[in-house]
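Q: I am new to this structure and would like a close look at one part of it, namely the charged side chains that pair with one another. Could you go through them with care and then place them beside the other features of the model?

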Amino acid sequence: MTSETKIKELEEVTFNDPIVLEGLPGIGFVGKIVVDQIIKQTDATKFAELNSDYFPPQVTVKADGLVDHMKNEFYYVKDFGSNNQDIILLTGNSQGSDHKGQTAISKVLINYFEDLGAKKIFTLGGLGTGEMVEDHKVFVAGNSKDLVDSILELDNTSIRKDEGGAIVGASGILLYYAQEKGIDAACLMGETPGFYVDPYAARELLLVLFDVLDFEIDLDELNEKVDATLKTLSNNPQLGQQLGMNPNANRPNDDLRYIG
């Protein structure tokens, strides 16, 4: 039996040089938080859904007790930001469960983005350090030097200095496949300890994205989540050790260098 990955369109949309923002689950859920906030604050419209046999064999249980299947979802916003851009937003509750699935799904995604006329792609996620973070820098990688350099002109952005790291999952693979299609793409990674859902890192990444795409959204809800997270951490000084991390470690955990 052949594994299948299919995209079902709910609405036919014509785009004008759209920019793609990908935020699927990864370390700290940083990219997903960013994309989900944009979707919520702009009242973005869902227009397609990706289903795949390569997703984990499970369902999620919602607050009302009903189940939901594993999926990726596509939303759009027209005339977004000061530049009146078309934006495609990719979110979801899962990535491929193994390397074969990650590759297969990413190929379907990049072909779809090409068909939609994508002009640029920004993948968003967290860079796990394995230790507590003070400044929450935003690290940049990409398939175009010009695009990377333009982002590095912005405040609080940097390139990871150590070599040998990898960007695991869709956030990394999409950069490579985008390059094959001639689409400029960059990954923005919010620095995060990596062992809890991190709205703080998401907020810092979102502030950089404001400058990249010349837009703003309301941050009140995200600020509340940041305050709640910081309160939880301050009340649980041993949280890191309980989760198998050492907040006082001098070097990052090798397994958390980059995200998916």
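**Charged pairs and their surroundings**

A: Lys46 counts as partly exposed, at 23% relative accessibility, and this value, like the others below, comes from a predicted model. The side chain of Lys46 meets that of Glu49 in a salt bridge, with 2.7 Å from N to O. Glu49 has a relative accessible area of 12%, so it is buried, because the cut-off for buried is under 20%. This pair therefore joins a partly exposed lysine to a buried glutamate.

A second pair is made by Lys71 and Glu73, whose side chains meet in a salt bridge at 3.8 Å, again from N to O. Here both residues, Lys71 and Glu73, are buried. The distance falls inside the limit for a salt bridge, because a side-chain nitrogen of Lys or Arg has to lie within 4 Å of a carboxyl oxygen of Asp or Glu.

A third pair can be placed along a helix. Glu221 forms a salt bridge with Lys225, and their closest N and O atoms are 3.5 Å apart. The two residues lie 4 residues apart in helix α6 (residues 220–234), which means that about one helical turn separates them. Glu221, with a relative accessible area of 22%, is partly exposed, and Lys225, with 37%, is partly exposed as well. Elsewhere, Lys46, Glu49, Asp68, Lys71 and Glu73 are joined into one network by salt bridges that share partners. The pair of Lys46 and Glu49 and the pair of Lys71 and Glu73 thus belong to one network, to which Asp68 belongs too. A search of the whole structure finds 12 salt bridges, and those described here are among them.

Charged residues also appear around the largest pocket, which has a volume of about 160 Å³. This pocket is lined by 11 residues, and Thr129, Glu131, Met132, Val133 and Glu191 are the ones that lie nearest its centre. Sorted by class, the lining of the pocket has 6 charged, 4 nonpolar and 1 polar residues. Glu191 is found in strand β11 (residues 184–192), and it counts as buried because its relative accessibility is 15%. Although Glu191 and Met132 are 59 residues apart in sequence, their C-alpha atoms are 9.8 Å apart in space.

The largest cavity offers another lining to set beside that of the pocket. The structure holds 1 cavity of 30 Å³ or more, and about 40 Å³ of space lies in the largest cavity. Its lining has 5 nonpolar and 7 polar residues, with no charged residues. Among the residues that line the largest cavity are Leu24, Phe55, Asn72, Gly101, Ile105 and Leu109. Helix α2 (residues 99–115) gives the most to this lining, with 5 residues. Gly101 lies in helix α2 and counts as buried, because its relative accessibility is 0%. The C-alpha atoms of Gly101 and Tyr54 are 4.8 Å apart in space, while 47 residues separate them in sequence.

On the surface, a nonpolar patch is formed by Val59, Val61 and Val67, which together have about 280 Å² of accessible area. Val61, one of these residues, lies in strand β4 (residues 59–61). With 62% relative accessibility, Val61 counts as exposed, because exposed means over 50%.

Two further residues deserve a look for their backbone angles. Most residues other than glycine have a negative phi. Asp79, however, has a positive phi of about 55° although it is not a glycine, and it is found in strand β6 (residues 72–80). Asp79 counts as exposed, because its relative accessibility is 54%. Asn84 is not a glycine either, yet it has a positive phi of about 50°, and its place is in the loop between β6 and β7 (85–92).

To return to the charged pairs, the network takes in Lys46, Glu49, Asp68, Lys71 and Glu73, with Glu49 buried, Lys71 and Glu73 buried too, and Lys46 partly exposed.

Notes: Residues are numbered from 1 along each chain as its sequence is written. This is a predicted model: local features need pLDDT of at least 70, side-chain atom pairs count only at pLDDT 80 or more; totals for chains, interfaces and linings use all residues. Side-chain values use heavy atoms; hydrogens and water are left out. On a 1 Å grid over the protein atoms alone, a cavity is a set of points where a 1.4 Å probe fits but cannot get out, and a pocket is an open set with protein on both sides within 12 Å along at least five of seven lines; lining residues have an atom within 4 Å of a point. Grid points are joined across faces, edges and corners, and a volume is the space filled by probe spheres set on the points. Ala, Val, Leu, Ile, Met, Phe, Trp, Tyr, Cys and Pro count as nonpolar, Asp, Glu, Lys and Arg as charged, and the others, Gly among them, as polar. Patches are made of residues with over 30% relative accessible area and no salt bridge: like charges are joined within 9 Å, nonpolar side chains (Val, Leu, Ile, Met, Phe, Trp, Tyr) within 5 Å. Accessible areas come from the Shrake-Rupley method with a 1.4 Å probe; for residues, only the protein chains shown count as cover. Buried means under 20% relative accessible area, exposed over 50%, partly exposed in between (1.4 Å probe, protein chains only).
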